[in-house]
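Open the structure in your viewer and keep the selection tool at hand. The tour goes from stop to stop, saying what to select and what is there.

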Amino acid sequence: MRAVNATLLMRVLAGFAATPVEVGARDVRWSRSPRGLAAFLWDCVFLPTAAVAGQGAALLPPGAAAAGGTAAAGPALLQGRCWDGPAGCSAVMAAGPAAPRVLNVNVGVLGHIDSGKTALARALSTTGSTAAFDRAPQSRARGITLDLGFSCLRTALPPQLGPGPGELQFTLVDCPGHASLIRTIIGGAQIIDLMMLVIDVTKGMQTQSAECLVIGQIACQKMVVVLNKIDLLPEGKRQSAIEKMTKKMQKTLENTKFCGCPIVAVAAKPGGPEAPESENPLGVSELIEVLKSQAYLPSRDPSGHFLMAVDHCFSIKGQGTVMTGTILSGSVSLGDNVEIPALKVTKKVKSMQMFHTPVTYAMQGDRVGICVTQFDPKLLERGLICTPESLHTIHAAIISLKKIQYFRGALQTKAKFHITVGHETVMGRVMFFSPAPADFNEEIKENVFDFEKDYLYQEEYLSKDSVSSENKENDQAEVQLPRQQWALLEFEKPVTCPKLCLVIGSKLDTDIHANTCRLAFHGVLLQGMEDKNYMETFLPKLKVYKLKHKEGQVERVIDDYSVIGRSLFKKETNIQIFVGLKVKLSTGEDGIIDGGFGQSGKFKIRIPDGLKPDTKMLLTVASKKKSKAGKGDTTKEDESSKNDSAQPVTISLVFKRYVFDTQKKMIQS
């Protein structure tokens, strides 16, 4: 018994006159004769009853656009998605009954240079892309990976990922290992679900291995450690050497999110690069089983704006320009318009492929090549493409952030860092700020910034290892830290990025041979500033204040309600702008600055509640000592000054000034 998917039948009939297209891995062509149509319908539309029950609804995504995108392209409907199934599941149908669903998981291959990452990717892969295995001439000439490489491994769907037949596709992202290419590594790490940290078993953890581990902790949830090049170990001592390195790695990972992760020993290319291809890799089949056990259902959502990180762009004669990359959000279909926001250019999608297989639809998490026409590939080496007008170019941003614990030294306001947003890295200046001290322990809403609140300016990012000079002087062992801190980033050149994207700050100008982590902080972009004149139009909304504290001394008493103060202002200070501000005497009285007194920076303070008798006596005695010292010799004057300075009555002026207030007003609570 065959069941008919009526919706699909209507869409195929509507597109029957369309040009033949490739479907799945097979070129399906038909004639316009009744016999040709009947054969095509029998193969593609009349599905087994069970298939219709399980996947019929899945063939068309929600909304007007089907899996193929346009009504004019009926055969394009043969590419579908399991919308009612697990997140991230894609169903590719060839002509005939529904093909097994395919779950794609992006796996990053990271590690120190010359640890054998590319050889491992080659040993694992069943299909390579145009950017796989160091195919670029520059990579071959230098013998190292210079850019991201992509390939895929297809295997059976493991039981933990759902019942029924299906395939698991690992898209392998081969990242370069050279220290100078860290920004490329960061870009690659932002598109992965699972990470393989490749370690040369003869060398153990190295500087870039540690940096890759840090990136992994920021960018992904799961990791597998691969101890490569076990063929270089003497056969008699191989097992004991592997066990020793395994224990070392377990110890290294103890205080990370990857504590207890699997560790697998392999030889991806026994005998080295020059060895014959007949040499079979060691341990790769075991590694594949471990990868399958670690695979999970990544969060995938086809709704929302389309956004894709492009990592390679090249032309194909007679076809057009191909942009390859990973879809970060949303979905794309044949015939859709996509924008290259950095160039303000919009193009129509002519065709698409996933690892040499033509497709008509792709969604978040997929690795895809998109072909457009009349576009010079030299204009876009890497960057973003998106739904038209969905992204904006920004000149500054507010981010929530955390310091990377392995970074040595303080994160100081006004310092410059390399700021990586997606595949783009630019220089940027930072200004750190936190909640007002009274709100340090207040619960902060995630990924939301409240412009109505006041924030405290920080000279540096506050962390356990950053103790201010004031705390050091007071010998305070514990520093109260806020739950959340933020930074204002001001870019040296504009960047195009989505809201809530990952931001990483680094010191990439650090000596690459130094045994130190160059990654300084990571965060989430909460608010971008598109206006070039953001300092005038936007920043005044940001209520970041500096707490100002000035101290002076009472020089003498005028009467019970007035004193003269000194040493609070410089001689040239315009005291009139401070008139009306509250001050406090060290003896407890509250006062108000009444105005200047003379030309030497002295000022008059009014004490509304009057001076305490003890204060008045103290100040009167001090005045008499000064008077006597003035009539005596210099020695007596010096002694008097010492006595006077032993117990002076000090004046404290505390106020806050908003950093971006154009009027520079002084505010007191």
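The stops below cover an acidic residue, some aromatic rings, two charged side chains and a leucine in this predicted model.

**Stop 1: Asp 454**

Select Asp 454, which sits in the loop between strand E26 (424-435) and strand E27 (455-458). Now add Lys 656 and show side chains: a polar contact of 3.0 Å links the side chain of Asp 454 to that of Lys 656. Add Tyr 658 as well, whose side chain makes a polar contact of 2.6 Å with the side chain of Asp 454. To complete the surroundings, select Ala 436, Lys 543 and Tyr 545, which are also among the residues that Asp 454 touches, leaving out those up to four places away in sequence.

**Stop 2: Phe 433 and Phe 449**

The structure has 15 aromatic pairs. For one of them, select Phe 433 and Phe 449: the ring centres are 6.0 Å apart and the planes stand at 80°, so this pair is edge-to-face. Phe 433 belongs to strand E26 and Phe 449 to the loop between E26 and E27, so the pair ties together parts 16 residues apart in sequence. Both Phe 433 and Phe 449 are buried.

Next, extend the selection with Phe 451, Tyr 455, Trp 486 and Phe 538; together with Phe 433 and Phe 449 they form one aromatic cluster.

**Stop 3: Phe 569 and Phe 603**

Clear the selection and pick Phe 569 and Phe 603, an edge-to-face aromatic pair with 5.3 Å centre to centre and 70° between the planes. Phe 569 is in the loop between strand E32 (562-566) and strand E33 (582-585), while Phe 603 is in strand E35 (residues 602-606), so the pair ties together parts that are 34 residues apart in sequence. Phe 569 is buried, at a relative accessible area of 8%, and Phe 603 is buried too, at 0%.

**Stop 4: charges over rings**

Select Phe 150 and Arg 367: Arg 367 lies over the face of the Phe 150 ring, 3.2 Å from its centre. Then select Phe 417 and Lys 507, where Lys 507 lies over the ring face at 4.7 Å from the ring centre.

**Stop 5: Leu 462**

Where is Leu 462? Select Leu 462 and follow the chain: this residue is in the loop between E27 and helix H10 (469-474). Is Leu 462 buried or exposed? Its relative accessible area is 17%, and because the cut-off for buried is under 20%, Leu 462 counts as buried.

Show its contacts by adding Phe 440, Leu 481, Pro 482 and Gln 485, with neighbours within four places in sequence set aside. Last, select Phe 432, 30 residues from Leu 462 along the chain; the C-alpha atoms of Leu 462 and Phe 432 are 8.9 Å apart.

Definitions and conventions
Residues numbered from 1 in each chain as written. Heavy atoms only, no water. Helix = DSSP H or I, 4+ residues; strand = E, 2+ residues; numbered from the N terminus. Polar contact = N/O pair within 3.5 Å; in protein donor to acceptor, adjacent residues only side chain to side chain. Contact = heavy atoms within 4.5 Å. Phe/Tyr/Trp six-rings, centres within 6.5 Å; stacked < 30°, edge-to-face > 60°. Buried < 20%, exposed > 50% of the residue type's maximum accessible area, 1.4 Å probe, protein only. Lys NZ or Arg CZ within 6 Å of the ring centre and 35° of its normal.
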